[in-house]
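Subject: Structure handover

Dear colleague,

Please find the structure below. My notes on what was found in it follow.

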Amino acid sequence: MAGILYGIGVGPGDPQMLTIKAVNAIKDADVICLPKADKVKCRAYQIALPVVPELRFKKIISFDFEMIRDEETLHRLHKDFYDKYKELLLDGYNLGFLTIGDPTIYSTFGYIMKLAKADGIEVEIVNGITSFCGAAASAGVLISEVDENIHILSGQSDIEEGLKLYGTKIIMKSGRNLAAIKEKLLKLEASGKVQVYAVVDCGMETEEIYNGAMMIPDESRYMITIIVKDIS
């Protein structure tokens with residue numbers, strides 16, 4: 001009988017934000033899968049370790065999930081990784097794939113989940129607190145009130161139209177586009193239409209909170225979440 005593939009969200013950064021369900025799923029997994037080859041540098045692993053110290057003694061399989069633009073190369077890479085996971089699953093092992101935040105939001109786990117489901121392998125998702133919920137709490141703001149909509153935008157795409165939408169805008173995956181995004185937000189904020197907040201390394205010792213677009217750093221930051229609130 002094949003094992004089960006679990007996608008386990010470990011939250012945005014603070015180990016205390018792991019859910020009880022996530023802790024139990026990590027403990028119960030036969031093998032832990034990491035999205036980075038070096039577990040010492042893997043944020044998801046380091047977030048979970050203080051809460052689940054037995055993780056240190058678990059069998060671990062880890063690969064570098066690189067950010068590659070070429071879809072064909074990316075698919076081949078993920079297929080190679082999945083084939084190794086599949087061998088263990090078919091041998092009856094339950095695998096727990098750790099991911100920062102929630103597995104359903106811009107997660108590397110998504111690629112593996114699709115391949116597993118296509119093979120008829122059972123997949124279960126264990127939700128984690130999202131980075132934007134964690135960032136809102138750190139910044140002390142409400143994401144939405146009354147009838148406000150919430151829009152999640154990828155900083156890797158053209159966000160011009162997205163920023164015009166009514167409601168709160170969450171910008172994730174800014175990466176190298178951070179400076180260009182900041183420039184757009186400065187214009188919006190200067191018009192008096194929005195208030196901008198940003199949080200880097202939410203929940204970690206290195207957490208930084210910025211109030212206002214001007215305060216956002218120009219250089220690329222991997223773990224930055226930007227919240228754009230309409231001013232009514």
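Contact here means heavy atoms within 4.5 Å. On that basis, and setting aside neighbours within four places in sequence, R221 is in contact with G175, L178, V200, E208 and Y210. Please bear in mind that this is a predicted model.

R221 sits in the loop between β9 (208-211) and β10. Its relative accessible area is 18%, and buried means under 20%, so R221 counts as buried. G175 is 46 residues away from R221 along the chain, yet the C-alpha atoms of the two are separated by 5.9 Å.

Nonpolar cores

The largest nonpolar core has 24 residues. Within this core, I8, I26, L55 and L98 have the most contacts. Two or more residues come from each of the elements β1 (5-9), α1 (20-28), β2 (31-34) and α2 (43-48). A second core, separate from the largest one, has 21 residues, including L89, L95, F109 and L115. As for L55, if residues up to four places away in sequence are not counted, it touches I26, I32, Y45, A48, L49, I60 and L98. Two of these partners, I26 and L98, are also named among the residues with the most contacts inside the largest core.

Salt bridges

The count of salt bridges comes to seven. Three of them are described here.

The side chains of D119 and K86 meet at 3.3 Å, N to O. D119 lies in the loop between α4 (109-118) and β5 (123-126), while K86 belongs to helix α3 (residues 71-90), so this salt bridge ties together parts that are 33 residues apart in sequence. Both ends are partly exposed: D119 has a relative accessible area of 40%, and K86 has one of 25%.

K229 and E148 form another salt bridge through their side chains, at 3.4 Å from N to O. This pair links distant parts of the chain, 81 residues apart, with K229 in strand β10 (residues 224-230) and E148 in the loop between α5 and β6. Are K229 and E148 buried or exposed? Both residues are buried.

K164 and E161 make a further salt bridge, in which the closest N and O atoms are 3.2 Å apart. Here both residues are exposed.

S131 and its surroundings

S131 is placed in helix α5 (residues 131-139). With a relative accessible area of 16%, S131 is buried. Which residues is S131 in contact with, leaving aside its neighbours within four places in sequence? They are P12, M172, C202 and T225. With T225, the side chain of S131 also makes a polar contact of 3.4 Å. T225 falls within the range of strand β10 (residues 224-230), the strand that also holds K229 of the salt bridge to E148.

Surface patch

On the surface, Y106, I150 and I152 form a nonpolar patch, and their accessible area together is about 260 Å². I152 lies in strand β6 (residues 150-154), and the range of that strand also takes in I150. At 36% relative accessibility, I152 counts as partly exposed.

Regards

Key. Residues numbered from 1 in each chain as written. Predicted model: local features only at pLDDT ≥ 70, side-chain atom pairs only at ≥ 80, totals over all residues. Heavy atoms only, no water. Patch = residues over 30% accessible without salt bridge, like charges linked within 9 Å, V, L, I, M, F, W, Y side chains within 5 Å. Areas by Shrake-Rupley, 256 points an atom, 1.4 Å probe, with all protein chains shown as cover. Salt bridge = Lys/Arg side-chain N within 4 Å of Asp/Glu carboxyl O. Helix = DSSP H or I, 4+ residues; strand = E, 2+ residues; numbered from the N terminus. Buried < 20%, exposed > 50% of the residue type's maximum accessible area, 1.4 Å probe, protein only. Core = buried A, V, L, I, M, F, W, Y, C linked by side-chain atoms within 4.5 Å. Polar contact = N/O pair within 3.5 Å; in protein donor to acceptor, adjacent residues only side chain to side chain.
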